[in-house]
Amino acid sequence: MTRLQFMNRLRNGLIGLPQKTIDEIAADYDGHFNEGIAAGRSEIEVADALGDPERHAREIRAEAGLKRWETERNASAAAGAIFAVLGLGALDLIFLLPILMAIVGTLFAFYCVAIALFGVGAFVMVAGPFWVFGAPIAALILTGLGLMAAGVFTGAATTLVTIAFINVMVWYGRLHMRLLKPALEPQGAI
């Protein structure tokens, strides 16, 4: 593949990253071509030595997603980190996706339970004395407060578990990149 083909495939694989980042990465790879050509190699030899530009783009996008999660810690960054890890390998996607979907579904269910507990608790506390005749008002208010506290606890605990889950995914992504990088590196150096 020629220099132009390599650079186009690399840039296409980096779509979605900030343009400044894409330009810096492209300039770095362009420098590799310049060094290789200065050393007497052809564009095709340099491109072969550099390896697959799509693989490089996936690794760069994965690292960007993992770094974003470490700095931002929000839902969008979490999704980006998880998809960055999943994007590293199709085989991983086949094995990890069902497990990840089960974990995400369970976490979602716990969030729903937390919201439901809080809502029921608020209803019991506010409307209970008007609907349940003969019951002590203090007992209904305390029951409502207890259910609301259980909802808050469930939501907080689920949030902590969610953050831990995302951190494990980030750790897995970094481990994955470190372990597979030597196997995927081109054999010839520039």
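This is a guided tour of the structure above, with a suggestion at each stop of what to select next.

The model is predicted, so local features need pLDDT of at least 70 and side-chain atom pairs count only at pLDDT 80 or more, while totals for chains, interfaces and linings use all residues. Residues are numbered from 1 along each chain as its sequence is written, and side-chain values use heavy atoms, with hydrogens and water left out.

**The whole chain**

Begin with the whole protein in a cartoon view, where there are seven helices and zero strands; helices (H or I, at least four residues) and strands (E, at least two) are DSSP runs, numbered from the N terminus. Of the 190 residues of the protein, 32% count as buried, where buried means under 20% relative accessible area, exposed means over 50%, and partly exposed lies in between (1.4 Å probe, protein chains only). If you switch on the surface, its accessible area comes to about 11300 Å², of which 72% belongs to carbon and sulfur atoms; such areas come from the Shrake-Rupley method with a 1.4 Å probe, and for residues only the protein chains shown count as cover.

**The largest core**

Next, select Phe6, Met7, Leu10, Leu14, Tyr29, Phe33 and Leu50, which have the most contacts inside the largest nonpolar core, a set of 14 residues. A nonpolar core is a set of buried Ala, Val, Leu, Ile, Met, Phe, Trp, Tyr and Cys residues joined through side-chain atoms within 4.5 Å. Helices α1 (3–13), α2 (19–38) and α3 (43–50) each supply at least two residues of this core, and α2 gives the most, with five residues. Apart from this core lies another, of 13 residues, among them Ala81, Leu96, Leu107 and Ile166.

**Aromatic rings**

Three aromatic pairs are counted in the model, by a rule under which rings of Phe, Tyr and Trp (its six-membered ring) pair if their centres lie within 6.5 Å, with planes under 30 degrees apart counting as stacked, over 60 as edge-to-face and the rest as tilted. Show the side chains of Phe6 and Tyr29, whose ring centres are 5.8 Å apart with planes at 45°, so the pair is tilted. This pair links distant parts of the chain, since Phe6 is in helix α1 and Tyr29 is in helix α2, 23 residues apart. Phe6 is buried at 0% relative accessibility, and Tyr29 is buried too, at 10%. Add Phe33 to the selection, and you have a cluster of Phe6, Tyr29 and Phe33 linked by ring pairs.

Now move to Phe123 and Trp131, whose ring centres are 5.3 Å apart with planes at 90°, so the pair is edge-to-face. Here Phe123 is partly exposed, at 44% relative accessibility, whereas Trp131 counts as exposed, at 62%.

**A patch on the surface**

Keep Phe123 and Trp131 selected and add Phe130 and Val132, and you have a nonpolar surface patch of about 500 Å². Phe130 is found in helix α6 (residues 90–131) and, at 63% relative accessibility, counts as exposed.

**Two buried residues to finish**

Select Thr154 in helix α7 (residues 137–184), which is buried at 16% relative accessibility. Leaving aside its neighbours within four places in sequence, Thr154 is in contact (heavy atoms within 4.5 Å) with Phe110, Val113, Ala114 and Leu117.

Finally, go to Arg55 in helix α4 (residues 53–72), which counts as buried at 8% relative accessibility. The C-alpha atom of Arg55 is separated by 8.5 Å from that of Gly13, although the two residues are 42 apart along the chain.

Note on methods:
Patch = residues over 30% accessible without salt bridge, like charges linked within 9 Å, V, L, I, M, F, W, Y side chains within 5 Å. Salt bridge = Lys/Arg side-chain N within 4 Å of Asp/Glu carboxyl O.
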